[in-house]
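Work through the exercises below with the sequence and the 3D view side by side. Try each task before reading its solution.

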Amino acid sequence: SVLFSFLSKQYERNDNIISTVKQKRVVIVLPYLGPLSVVLRKKITALVNKFYPTADFKVIFQSGYSLRRMFSYKDKIPKKCLGGVVYYTHCEKCGPGKAYIGKTKNTLYERFYASNGHLHPNSKNSPLLEHLAQNIDPACEFRFENTKILDTTQNDITLRFMESIYLKLGHQTLNTQDWSIPLSIV
C-alpha cells in the first residue's frame with residue numbers, strides 16, 4: 001500500500017502551506033433555484049479550490065425570473081386619456097416644418113376635440129385649424145395618433161415651465177407664443 005500512501009499525499013490538500021501568491025477574486029452570479037443552488041455552490045467552490053487554490057472564489061445567487069418581472073402590474077393609460085402633458089404634433093404633409101408644441105391640464109383628447117380644442121370645427125384661435133384653412137390640399141392634416149407626449153406633470157406651474165423650455169428648444173412654426181412663462185438665465 002505504498003502506492004496508496006504516495007497517491008494520498010499527492011492528492012490531499014495540505015492546509016499548512018502558506019501561499020505567497022496574491023489571491024485573485026472571482027465572482028460568479030447564478031440564478032437561485034432553491035436547495036439545488038446551495039448544493040451546486042458547494043460543489044463548484046470545492047472544484048475551484050482544488051484546482052485553483054489561489055483564487056478567492058464567491059458564488060452569488062440572484063433571484064430568477066418571475067411573472068412579476070415579465071409583466072407590468074399596471075395598465076398603460078391610453079394617450080387620449082393622459083392629462084398634464086406637454087405635446088408635439090405636426091402636419092402630416094408639411095412635416096416638422098409645420099409643427100406645434102402645446103400643454104394641457106385636461107386630457108389630450110379634450111385639448112384636440114373639445115368645443116375649444118385644436119381640431120374642433122367651431123374652435124377659434126387654433127393654429128392647427130388656421131394652417132389647414134390656409135392649405136387647401138386634403139393631404140394636410142394633423143393626426144391625433146401621431147401626437148407625441150414630450151413630458152408629463154400634474155403641477156400647472158411646472159407644466160408651464162416645461163412648455164416654455166420645449167418652445168425655446170423646439171423648431172415649431174405654428175405656435176403664436178414663444179413661452180408660457182418667461183425664461184431667464186440667472
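**Exercise 1. Start from V85. List its contacts, leaving out residues up to four places away in sequence, then find the core that V85 belongs to.**

Solution. Step one: collect the contacts. V85 touches G102, K103, T104, L108, I149, D151, T152 and L159, with residues up to four places away not counted. Keep in mind that this is a predicted model.

Step two: place V85 in a core. The largest nonpolar core has 12 residues, V85 among them. The other members are Y87, C91, Y100, L108, F112, L119, L128, C140, F142, F144 and L174.

Step three: ask which elements supply it. β3 (83-91) and α4 (108-113) each give at least two residues to this core. The largest share, three residues, comes from β3.

Step four: look for another core. A second, separate core of seven residues includes V86, I101, M162 and L167. Nonpolar side chains tend to be buried together in soluble globular proteins.

**Exercise 2. Describe the chain as a whole: its elements, their order, its burial and its surface.**

Solution. Step one: count the elements. The chain has six helices and five strands.

Step two: read them in order. Along the sequence the pattern is α-β-α-β-α-β-β-α-α-β-α.

Step three: check burial. Of the 186 residues in the chain, 26% are buried.

Step four: turn to the surface. The accessible surface is about 14,300 Å². Carbon and sulfur atoms hold 57% of that surface.

Step five: consider sequence separation. Take the contacts with a separation of 6 or more. Residues 24 or more positions apart account for 57% of them.

**Exercise 3. Is H131 buried or exposed? Give its helix and its contacts too.**

Solution. Step one: locate H131. This residue lies in helix α5 (residues 127-134).

Step two: apply the cut-off. H131 has 3% relative accessibility, and buried means under 20%, so H131 counts as buried.

Step three: list the contacts. Beyond four places in sequence, H131 touches C91, C94, K98, C140, F142 and L174. Among these, C91, C140, F142 and L174 also appear in the largest nonpolar core.

**Exercise 4. Follow the link between β1 and β2 through L30 and F61.**

Solution. Step one: place both residues. L30 lies in strand β1 (residues 24-31), and F61 lies in strand β2 (residues 55-62).

Step two: read the contacts from each side. Leaving aside neighbours within four places, L30 is in contact with L40, I44, V59, I60, F61 and Q62. On the same terms, F61 is in contact with L30, P31, Y32, S37, V38 and R41.

Step three: add distances. The C-alpha atoms of F61 and I28 are 8.5 Å apart, with their positions 33 residues apart along the chain. For L30 and R41, 11 residues apart, the C-alpha separation is 9.3 Å.

Step four: judge exposure. F61 has 22% relative accessibility, so it counts as partly exposed.

**Exercise 5. Which residues line the second largest pocket, and what is notable about the phi of N125?**

Solution. Step one: name the lining. Y87, Y100, I101, G102, K103, R111, N125, P127, E163, N175, T176 and Q177 line this pocket. The pocket has a volume of about 230 Å³.

Step two: sort the lining by class. Four residues are nonpolar, five are polar and three are charged. Strand β4 (residues 95-107) gives the most, with four residues.

Step three: look at N125. This residue is found in the loop between α4 and α5. N125 has a relative accessible area of 72%; exposed means over 50%, so N125 is exposed.

Step four: check the backbone. Most residues other than glycine have a negative phi. N125 is not a glycine, yet its phi is positive, about 60°.

**Exercise 6. Where does D156 sit, and which residues does it contact?**

Solution. Step one: find D156 in helix α6 (residues 156-169).

Step two: list its contacts. Apart from neighbours within four places, D156 is in contact with K103 and K105.

Step three: add a distance. D156 and G84 are 72 residues apart in sequence and 7.5 Å apart in space, C-alpha to C-alpha.

Step four: judge exposure. D156 has 27% relative accessibility, so it counts as partly exposed.

Notes: Residues are numbered from 1 along each chain as its sequence is written. This is a predicted model: local features need pLDDT of at least 70, side-chain atom pairs count only at pLDDT 80 or more; totals for chains, interfaces and linings use all residues. Side-chain values use heavy atoms; hydrogens and water are left out. Buried means under 20% relative accessible area, exposed over 50%, partly exposed in between (1.4 Å probe, protein chains only). Contact means heavy atoms within 4.5 Å. Accessible areas come from the Shrake-Rupley method with a 1.4 Å probe; for residues, only the protein chains shown count as cover. On a 1 Å grid over the protein atoms alone, a cavity is a set of points where a 1.4 Å probe fits but cannot get out, and a pocket is an open set with protein on both sides within 12 Å along at least five of seven lines; lining residues have an atom within 4 Å of a point. Grid points are joined across faces, edges and corners, and a volume is the space filled by probe spheres set on the points. Ala, Val, Leu, Ile, Met, Phe, Trp, Tyr, Cys and Pro count as nonpolar, Asp, Glu, Lys and Arg as charged, and the others, Gly among them, as polar. A nonpolar core is a set of buried Ala, Val, Leu, Ile, Met, Phe, Trp, Tyr and Cys residues joined through side-chain atoms within 4.5 Å.
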